[in-house]
Amino acid sequence: MKSPLSSSSSSSMGVLRKPRLSPYLFTLLTFIVFITILYGEDFICIFGQLEPIPGRAISRPVLGVDLGLVKKREKLAFAIGKSEEKCDVFKGRWVRDELTRPLYEESECPYIQPQLTCQEHGRPDTEYQKWRWQPHGCDLPSFNATLMLETLRGKRMMFVGDSLNRGQYVSMICLLHRLIPEHAKSMKSYNNDALTVFRAKDYNASIEFYWAPFLLESNSDNAVVHRVSDRIVRRGSINKHGKHWKGVDILVFNTYLWWMTGLDIKILKGSFEDKEKEIIEVSAEDAYRMAMRSMLRWVRKNMDRKKTRVFFTSMSPTHGKGIEWGGEPGENCYNQTTIIEDSNYWDSNSRKTIMNVIAEEFSKSKFPITFLNITQLSSYRKDAHTSIYKKQWSPLTAEQLANPVSYADCVHWCLPGLQDTWNELLFSKLFYP
């Protein structure tokens, strides 16, 4: 007879016995937990399409691409620091500064063209030289000529565009040349003055200007004789000029004034050598957009974002209508010796539609372009134009002499003057972007 105890014990054991975990299943679960802990963030990035935690390395290639370490914000070439937090150096006001302005004397810089030497050509006042740009809530770094020259050692800097960009180019040379001994510097022009090169021999450096008022090929490309009433721009022709820009380390572009004819722009589809030319007319905005896209495409293909920088200077305002700033009808920049105090003033010749084109196209650029937004701050400076105090290329008539307003140049700027500030802003953005 079996013991009742053994029977009941056997029954109880059957009820209380726990299922055993397979060693294979246990090993698999342990492995999954280990992998989840080790690679969890990567799985989130891959399957959730989220950014990985900053500083964490992605552990293995994703979709065949080794992403390496997660990059922080890209450091631009030549940067040695960064600008103050929430500081827009292009927004501010002009303040009188008789201690540090001008940054050089007109007579000290032999490189200024006679079209910009206002004192030499009889301007009676120097007040226009004594203004300093003061950004709201921060300061511009002082222009350091030694730092600039050392940075340019073994390098090329080039300004490309029209006569306004040439003025900024000359300003840059005036800001630097005093540190260079006379025997170690030179300036020469090439290709019928299309290219001007200032060399600092001890630094093996050059600062250059290339004449291309539309950036694209046009019938206004002669740097000396370019006053063409019927302007034509050739589509898709950026390489005509661009071949001269290759190898440059710092590029400063501008183009605006030559597009503003008040008429549609004539665009050549073929070549200027074609016997029968196919020409279409488009709005200034559409033509300008075409040029911006060509420039950005050229930059992307020819510039190294790790070693080079590209700047674009916005439109330079004119002051041809005194009524716009509260002056008398018929007035312009002639005899203006004060600045415009209205912070909302905007020159009517500076089309905001063109600014919109720039913003739209630059926002798509894969190459970082530094935008020098000099338009608003320059619009306050009706006092700073060359006016009548410049070399006149043609003899003035008796009627013109009797009415100086009729021949005052309200486009270009005296040097020293406003364009030195443009270069202070360029300096700021080059080293402290």
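Student: In the hairpin of β4 and β5, which residue takes a positive phi, and how many residues lie between the strands?

Tutor: Good place to start! Asn-191 takes the positive phi, near 50°, and the hairpin has 4 residues between its strands. Keep in mind that this is a predicted model.

Student: What makes β4 and strand β5 a pair, and how do they run?

Tutor: At least two DSSP bridges are needed for a pair. Here 6 bridges join β4 to β5 (residues 195-200), so the two strands pass that cut-off. They run antiparallel, and Lys-188 has Val-197 of β5 as its bridge partner.

Student: Where is Asn-192 found, and how do you know whether Asn-192 is buried or exposed?

Tutor: Asn-192 is found in the loop between β4 and β5. A residue is called exposed when its relative accessible area is over 50%. At 66%, Asn-192 is over that limit, so it counts as exposed. Its phi is positive too, near 55°. Most residues other than glycine have a negative phi.

Student: Why is Asn-335 called exposed, and what is its relative accessible area?

Tutor: The relative accessible area of Asn-335 is 55%, so the cut-off of over 50% is met. Asn-335 has its place in the loop between β11 and α7, with a positive phi of about 70° although it is not a glycine.

Student: Which residues of helix α7 are called buried?

Tutor: In α7 (residues 352-362), the buried ones are Ile-354, Met-355, Val-357, Ile-358, Glu-361 and Phe-362. Each has under 20% relative accessible area, because that is what buried means.

Student: How do you know where the buried residues of α7 fall around the helix axis?

Tutor: Looking down the axis of α7, they fall within an arc of 155°, so they line one face of the helix. The general rule is handy here: with 3.6 residues a turn, residues three or four places apart point the same way. The cover over the buried residues of α7 includes α6 (284-302), β11 (309-313), β12 (369-372) and α8 (375-379).

Student: Where are the cis peptide bonds of Pro-102 and Pro-416?

Tutor: One is the bond from Arg-101 to Pro-102, with omega near 0°, and Pro-102 lies in the loop between β1 (92-96) and β2 (131-135). Another is the bond from Leu-415 to Pro-416, with omega near -5°; Pro-416 is in the loop between β14 and α10.

Student: What makes the empty space of about 80 Å³ a cavity, and which residues are closest to its centre?

Tutor: In a cavity, a 1.4 Å probe fits but cannot get out. The structure holds 2 cavities of 30 Å³ or more, and the largest has a volume of about 80 Å³. Of its 13 lining residues, Arg-101, Gln-129, Trp-131, Gly-417 and Thr-421 are closest to the centre. Helix α10 (residues 418-431) supplies the largest share of that lining, 3 residues.

Student: Why is the space of about 1,400 Å³ called a pocket instead?

Tutor: A pocket is an open set of points, whereas a probe in a cavity cannot get out. The largest pocket holds about 1,400 Å³, and among its 38 lining residues the closest to its centre are Gln-115, Ser-163, His-226, Arg-227 and His-412. By class, that lining has 18 nonpolar, 13 polar and 7 charged residues, and α4 gives the largest share, 4 residues.

Methods:
Residues numbered from 1 in each chain as written. Predicted model: local features only at pLDDT ≥ 70, side-chain atom pairs only at ≥ 80, totals over all residues. Heavy atoms only, no water. 1 Å grid on protein atoms, 1.4 Å probe; cavity = no way out; pocket = protein on both sides within 12 Å on 5 of 7 lines; lining within 4 Å. Points joined across faces, edges and corners; volume = space filled by probe spheres on them. Nonpolar A, V, L, I, M, F, W, Y, C, P; charged D, E, K, R; others polar. Buried < 20%, exposed > 50% of the residue type's maximum accessible area, 1.4 Å probe, protein only. Arc of directions from axis to C-beta. Contact = heavy atoms within 4.5 Å.
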